[in-house]
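User: I would like to go through the interior of this model, from its cavities to its core and its cysteines. Please reason briefly before each answer.

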Amino acid sequence: MPEVNASPVSAGVTPTASLSRLQLSEMAPGTVQSEIRAMTTECDRIGGVNLAQGVCDTPVPAPVEEEAIAAIRAGHNIYTRMDGIGRLRTAIAAKQQRDYGLKYDAETEVLVASGATAGLHAAVMALLNPGDEVLLFEPFYGYHTATLKSMRVKPVLVPLAEPDWTLDTDALKAAVTPRTRAIILNTPANPSGKIFSLAETEAVAAVCLEHDLFLFTDEIYEYFVYDGNKHISPATLPGMRERTIVISGFSKTFSITGWRLGYVTADARWMGAMAYFHDLTYVCAPSAFQHAAAAGLEQLPPSFYAQIASDHQSKRERLVSALRDAGMEPSVPAGAYYILARVDRLPGATAALKARHLLAATGVAAVAGSAFFRPGHGENLLRFCFAKRDADLDDACARLRKL
Ligand code: PMP
């Protein structure tokens, strides 16, 4: 998971009058240490098992790894076209067609981005204005709200109903105002693991169509689906392709979170501006790694993607069972690779204190549920990531059971 870095704000320095215009921007936070990073630091310090960070440390598929090395040796180390190399754009367009029957022109409707994170950033820059409102579902992924806020766009939260995070269509409709310009839909979702059903996706699409809204999707967990569930790409719904900005990436599928490689597919009308803003910040996605991702898309068989689902379903079972044994009731996720578990039994007034207690007592790091909700909510939940090598996950499960 990308993290908000600690920002080195020097405290306690009173600026002299002549320096008084040297200020942080209005948007800049004070000292920011994300809860996830704080847990990671503390977990490293005590040598614990980190189930806090959404970093899959499972192996990189061989064709991807080999092509990365070969591409560097072949000299693919310089800037690429701002929207990515033709080989990868073609492979992404073919993948969207293969998986969802979605047709995108590889020349004009695919942007290779420096991660899904950069894809969303470019989309917001290109399509929204300060003061616009965007609806998103709670629990939410913090980067979605923070990205909007960083561009002075207002996130408006639509709560999903516990325990299975069903969509309340009336609440969604009620959240629309004349300033609403878009909805962000993350399915399968971080942190809830919710997969929006066809009926729910249709309800979201209906609101987009009725109010003429963009839909930004975050489909990064598209292959992490369990119990026979299928990912529905919302752009496939009638009338949605032209207004849906499909965002996904390779971080999770190929276990390459640190390579920073993702993509956006969308109607050609929106793509030029998105590519422009992506260029402004990143110039291009890492060139050698673009070749590696293309090789993965070209060479990995359908069984590779099925294996991702079955491997992670088995990891999910292990962690669900350990959490139950430890008295922390999990909400069993249909997709993605996180579990939100109820932690009423842990001491501490807040989820952050409960997470610290758990770390001290068991050596297992989890994230405070409050990181995914509006203030005052999620204090009884912790999020555990199960995208770990089996040995580490089993170690974490054994530690949790000792609680
Ligand atoms: N979207 C979601 C919902 C995520 O959970 C994450 C990783 N934690 C990302 C995006 C990050 O994707 P990328 O590495 O492609 O920027």
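User: Which residues lie nearest the centre of the largest cavity?

Analyst: This is a predicted model, and its structure holds two cavities of 30 Å³ or more. The lining of the largest cavity is made up of 14 residues. Those that lie nearest its centre are Phe137, Pro139, Phe140, His144 and Asn186.

User: Which strand supplies the largest share of the lining of the largest cavity?

Analyst: The space in this cavity comes to about 100 Å³. At least two lining residues come from each of strand E3 (133-138) and strand E5 (180-186). The largest share, three residues, is that of E5.

User: Which residues touch the most other members of the largest nonpolar core, and which helix gives the most to this core?

Analyst: The largest nonpolar core has 126 residues, and within it Ile245 and Phe384 touch the most other members. The helix that gives the most to this core, with seven residues, spans 302-325. Both domain 1 (35-59 + 303-401) and domain 2 (62-299) contribute at least three residues each. The residues asked for are therefore Ile245 and Phe384, and the helix is H10.

User: What does Ile245 touch, not counting residues up to four places away in sequence?

Analyst: Ile245 is one of the two residues with the most contacts to other members of the core. Leaving out residues up to four places away in sequence, Ile245 touches Ala123, Leu127, Phe214, Leu215, Phe216, Thr217, Val264, Thr265, Ala266, Trp270 and Met274.

User: Is Ser251 buried or exposed?

Analyst: Ser251 lies in a loop, between strand E7 (244-249) and strand E8 (262-265). Beyond four places in sequence, Ser251 touches Cys56, Ile256, Thr257, Arg260 and Leu261. Its relative accessibility is 7%, and the cut-off for burial is under 20%. Ser251 is therefore buried.

User: How many disulfides does the model contain?

Analyst: A disulfide is a covalent bond between the sulfur atoms of two cysteines. The criterion applied is a pair of cysteine sulfur atoms within 2.5 Å. By this rule the number of disulfides is zero.

User: How far from Cys397 is the nearest cysteine sulfur?

Analyst: Cys397 takes part in no disulfide. Cys397 counts as buried, at 4% relative accessibility. The nearest cysteine sulfur belongs to Cys385, and its distance is 12 Å.

User: What is the relative accessible area of Cys284, and is this residue buried or exposed?

Analyst: A residue counts as buried under 20% relative accessible area and as exposed over 50%. Cys284 falls under the first cut-off, so the residue is buried, with a relative accessible area of 12%.

Conventions
Residues are numbered from 1 along each chain as its sequence is written. This is a predicted model: local features need pLDDT of at least 70, side-chain atom pairs count only at pLDDT 80 or more; totals for chains, interfaces and linings use all residues. Side-chain values use heavy atoms; hydrogens and water are left out. A nonpolar core is a set of buried Ala, Val, Leu, Ile, Met, Phe, Trp, Tyr and Cys residues joined through side-chain atoms within 4.5 Å. Buried means under 20% relative accessible area, exposed over 50%, partly exposed in between (1.4 Å probe, protein chains only). Helices (H or I, at least four residues) and strands (E, at least two) are DSSP runs, numbered from the N terminus. Domain bounds come from an automatic or database domain assignment. Contact means heavy atoms within 4.5 Å. On a 1 Å grid over the protein atoms alone, a cavity is a set of points where a 1.4 Å probe fits but cannot get out, and a pocket is an open set with protein on both sides within 12 Å along at least five of seven lines; lining residues have an atom within 4 Å of a point. Grid points are joined across faces, edges and corners, and a volume is the space filled by probe spheres set on the points.
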